[in-house]
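The following exercises ask you to read burial, charge pairing and strand pairing from a structure. Try each task before you turn to its solution.

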Amino acid sequence: MTNTKTNRETVHQTPRAEDLPAESRKTPDFSKFNRNDSYKIPSIDTGKDRTGADKESRKRLSKNQLAHLDTRLSGRDKDILFSIQSYRYLMSRQIQRLLFTDAATPSAALRATNRNLKKLKELGLITSLSRRIGGVRSGSGSYTWHLTHAGERLLRLHGETRSSSTQFDPSPYFLAHTLAVAEAAIQLTEISRKSQLELKSLQAEPECWRSYSEYGTLVSLKPDLYAITISGEYEDRYFLEVDLSTESIARIIEKCERYHKYYLSGIEQEITGVFPLTVWIVPNENRKNKLIENLKPAFDKRPKLFAVITTNELEHLICDGGDNRMLC
């Protein structure tokens, strides 16, 4: 950890997920789903629109109708809507882990989550994709939700101007990456709940983006997440990049160069007094080793701005500072 002025350098049938104890169900490996179209929207006419929403629910509601709907929503209902908007897409089980933490058991929490989601869907404020992540045997926690147009307009009643931009067919990669970014954010939230760590700030896209000038041209730096954590007298800041092993090493190095250019601009340091550690979260050890082997020589004589970790190492990095091998 560092102080506030520096950053830390027999054949049987496969059981359905709902038949398993809730504690044993794990979040999918999204790096595998981006090469799999099992959850893509069917091309046949199912009585739903391209995003999987019932066509009937696409009827435009007046502002007065939305205001009336708003009075029927609980605080938790609105938290669900704002969370889905922040990350574009969320799975039922992700929503459970993020917002339904007061139930006696995880199974009870998932049931409560599904009741709220059903209510919001019946009100026409959210809808799910036509197929589940992982197929029909993955259980009700695998439904993937997004806001409808009515849901976005209702949030505007609360002064929210962002659009989650979900009115199109998500590609397998886009959906997998979006859910993986949300998963990293949810893991940070869970880490802060069970430790002495305070998650002071957590920004998703586009709030976490930065801009700097290069030869008179405005350049955008687009991390997936930005986080500030506090532990005692120590404060740490992070840019987070979620990698699903789809980008070439050359593309990764190119983006790392942008971080170095932004570092040299001094903009972030002038505002906050510290430059965040950029954390590359990768799906497995092989990908981690490959990135480290290429990033270390590429930036050998420059400040170590990067850490490369697997998803399982996020808590170790955030709470304990990780280890030197992670740094590049």
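**Exercise 1.** In this predicted model, find the salt bridge that the side chain of Asp70 forms, and decide whether Asp70 is buried or exposed.

*Solution.* Begin with the partner: the side chains of Asp70 and Lys78 meet in a salt bridge, at 3.6 Å from N to O. Next, take the accessibility of Asp70: because its relative accessibility is 14%, and buried means under 20%, Asp70 counts as buried.

**Exercise 2.** Which residues of helix α2 are buried, which are exposed on the other side, and what covers the buried ones?

*Solution.* In helix α2, which spans residues 63-71, the buried residues are Leu66, Leu69 and Asp70. They cover an arc of only 105 degrees around the axis, and therefore lie on the same side of α2. Turning to the other side of α2, one finds Asn64 and Thr71 exposed. As for the cover, the elements that lie over the buried residues of α2 include α3 (75-87) and α6 (149-156).

**Exercise 3.** How many salt bridges does the structure hold, and which parts of the chain are linked by the bridges of Glu183 with Arg97 and of Glu268 with Arg210?

*Solution.* The structure holds 18 salt bridges. For the pair of Glu183 and Arg97, the closest N and O atoms are 2.9 Å apart. Glu183 belongs to helix α7 (residues 172-194) and Arg97 to helix α4 (residues 92-99), so that this pair links distant parts of the chain, 86 residues apart. Both Glu183 and Arg97 are buried.

Now consider Glu268 and Arg210, whose salt bridge likewise has its closest N and O atoms 2.9 Å apart. Because Glu268 lies in helix α9 (residues 267-272) and Arg210 in strand β5 (residues 210-214), the pair ties together parts that are 58 residues apart in sequence. Glu268 counts as buried at 2% relative accessibility, and Arg210 is buried as well, with a relative accessible area of 14%. A final step is to look for shared partners: salt bridges of this kind join Arg97, Glu183 and Glu190 into one network.

**Exercise 4.** With which strands does β7 pair, and in which sense?

*Solution.* Strand β7 (residues 225-231) is mostly covered, since 6 of its 7 residues are buried. Strand β4 (residues 198-204) pairs with β7 in the antiparallel sense over 6 bridges, and Ser201 has Ile228 in β7 as its bridge partner. Strand β8 (residues 234-242) also pairs with β7 in the antiparallel sense, over 7 bridges, with Ser231 standing opposite Tyr234 in β8. The hairpin of β7 and β8 has 2 residues between the strands, and in this hairpin Gly232 takes a positive phi near 65 degrees.

Note on methods
Residues are numbered from 1 along each chain as its sequence is written. This is a predicted model: local features need pLDDT of at least 70, side-chain atom pairs count only at pLDDT 80 or more; totals for chains, interfaces and linings use all residues. Side-chain values use heavy atoms; hydrogens and water are left out. Buried means under 20% relative accessible area, exposed over 50%, partly exposed in between (1.4 Å probe, protein chains only). Helices (H or I, at least four residues) and strands (E, at least two) are DSSP runs, numbered from the N terminus. The arc is that of the directions from the helix axis to the C-beta atoms. Contact means heavy atoms within 4.5 Å. A salt bridge is a side-chain nitrogen of Lys or Arg within 4 Å of a carboxyl oxygen of Asp or Glu. Two strands pair if DSSP finds at least two bridges between them.
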